[in-house]
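Here are a few short exercises to work through with the viewer open. Try each one yourself before you read the solution.

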Amino acid sequence: MSLTVSVLPVPAGPVGVAVGVEYRKESSFSDNDALTNAGLNAGNVLPDTRGSFDVKEAYAEVKVPILADTPGFELLEVGGAVRVADYSTVGSVFSWNVTGTWQPIPDIRLRGTYAKAVRAPNIGELFAGLSQTFPSGLTDPCANANGGTGVTATGNGALGDNCRADPGVAANIAANGAFTLVQADIQGISGFNGGNPNLNEETATSWTVGGVINPRSINALRNLTITADYYNIEIEDVISGFPRQFTLDQCYNQGNPTFCNLITRRPGATSTNSAGSIDLINALQVNAAVLKTQGLDVTANWNTGLGLLENDRLALRAAYTHVFQYDFFSLPTAPADPSDGEVGTAADRFTTNAAYSTDDFRVSFTGTFISKSYIDDQFNGAKFASVPAEFYLDMQATYFAGDQFEFYFGVDNLLDNDAPNILTGVTGNVTGADTAADVYDVFGRRYYTGVRFRF
């Protein structure tokens, strides 16, 4: 429930106030069959999960015009907002922001925001059961010592001592002279991901500055709007599982027993695996990480009538994002893992759309450009393997058969581009596949059609 009113008129206009309250309850569950639970149904172990939470919220927003219709100040306005929420899981949280807007001339508006925000954990992060995964691209520090020949019976400082403390590693060294792995050991690492009902909220500090240009005073450009915003965000207590390579480094190179408890090595040799090889590395959700990011968002919109058909319109839109920084710290005191420019966090990304429409039909094309990216270089120190830039083109055509229904037809990946190849087994390829299916299109050209009804 919300209420918006204008109160306390000031010379520049009325003060706007909005207040509201909300109650929300969320719940979800997954109930899999016994074979899926056991990982025997063409997939990994996947448990049943269920959970719920409720939240009571109240908020207030205010906008105060200071100047208006004054030379150099078509508008000068400040505002702010506060929100208080009481979660059944994390308790009471508080967020707020302050904003400022200055419009020196009708064609240009400048704006800025400073905010403190929170995000409570969702049901999956809180209550997800232990699901199995098979991580790839990992390097065992015990096998990577001495130029890759492995830890021996003596030497290698703290790393050697931490490795030899495991009975399986010690047995492997005794049998081979140095800790030695076979290919099955490298490919046979498993682990479990899971939720944590004791999670707390994430907290973020952010500020943005930007502007809007709408050259209404130039008749040919009056339908053009350009926005540009710089953002700077720092999130603390980020909810995440520790990256498995980070867990290995913290255990063996840093000697942190908390991380060693997440690692299980085989105590003896099996028919396929060596003694001391890694069996499991688990990753449970915790509030520990820090994320720092900054970037630039630019959009441009323009539309006009062409006069080719009755009531026709051409609409063009372009959106560009450049990431200056995307640093992830698995612990506040840990070194940064810079991810800007890596797969999934491309330094540059464009999305463009062109649509031509009349009262009877609409045809649109959407293009997406993802710049050249690199695989994860957290423990290599250099961007050593790259994925080429990619461009995807989609189209859709819609025929408006009347006020109640419309027919549509579309083609995704019109150019039938293949997903770029990322070799499995290469250190830094954490996808477990030969590409990154969450970033690139793995299906190729595909068609769809349908009808929409309105009642």
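Strands here are DSSP runs of E with at least two residues, numbered from the N terminus. Please keep in mind that this is a predicted model.

**Exercise 1. Describe the chain as a whole.**

Solution. Begin with the secondary structure: the chain has eight helices and 23 strands. Next, take the extent of the C-alpha trace, which spans about 85 × 50 × 45 Å along its principal axes. Then turn to burial: of the 455 residues, 38% are buried. Finally, look at the contacts between residues at least 6 apart in sequence; 63% of them join residues at least 24 apart.

**Exercise 2. Place A401 in the fold and decide whether A401 is buried, partly exposed or exposed.**

Solution. Step one is the location: A401 sits in the loop between β21 (390-400) and β22 (405-412). Step two is the accessibility. The relative accessible area of A401 is 32%. Buried means under 20% and exposed means over 50%, with partly exposed in between, so A401 counts as partly exposed. Step three is the surroundings: leaving out residues up to four places away in sequence, A401 touches E406 and F407. As a last step, pick G129, which is 272 residues from A401 along the chain, and the C-alpha atoms of the two turn out to be 49 Å apart.

**Exercise 3. Find the nonpolar patch on the surface and say which element gives the largest share of it.**

Solution. First select the members: V82, V84, F94, W96, V98, Y114, W207 and V209. Together they have about 670 Å² of accessible area. Now assign them to elements; β4 (73-87), β5 (91-105) and β9 (202-213) each give two or more residues. The largest share, three residues, comes from β5. For a closer look at one member, take V82, which lies in strand β4. Its relative accessible area is 38%, and V82 is therefore partly exposed.

**Exercise 4. Which residues gather in a patch of positive charge on the surface, and how far apart are the mean positions of the positive and negative charges of the chain?**

Solution. Start with the local picture: the patch of positive charge brings together K63, R109, R216 and R222. One of these, K63, belongs to strand β3 (residues 49-70). Then move to the whole chain, with its 27 positive and 48 negative charges. Averaging the positions of each set gives two points that are 4 Å apart.

**Exercise 5. How much area does the chain expose, and what share do carbon and sulfur atoms supply?**

Solution. The exposed area comes to about 24,100 Å². Carbon and sulfur atoms supply 57% of that area.

How values were computed: Residues are numbered from 1 along each chain as its sequence is written. This is a predicted model: local features need pLDDT of at least 70, side-chain atom pairs count only at pLDDT 80 or more; totals for chains, interfaces and linings use all residues. Side-chain values use heavy atoms; hydrogens and water are left out. Patches are made of residues with over 30% relative accessible area and no salt bridge: like charges are joined within 9 Å, nonpolar side chains (Val, Leu, Ile, Met, Phe, Trp, Tyr) within 5 Å. Accessible areas come from the Shrake-Rupley method with a 1.4 Å probe; for residues, only the protein chains shown count as cover. A salt bridge is a side-chain nitrogen of Lys or Arg within 4 Å of a carboxyl oxygen of Asp or Glu. Lys and Arg count as positive and Asp and Glu as negative; His and the chain ends are not counted. The place of a charge is taken as NZ of Lys, CZ of Arg, CG of Asp or CD of Glu. Helices (H or I, at least four residues) and strands (E, at least two) are DSSP runs, numbered from the N terminus. Buried means under 20% relative accessible area, exposed over 50%, partly exposed in between (1.4 Å probe, protein chains only). Contact means heavy atoms within 4.5 Å.
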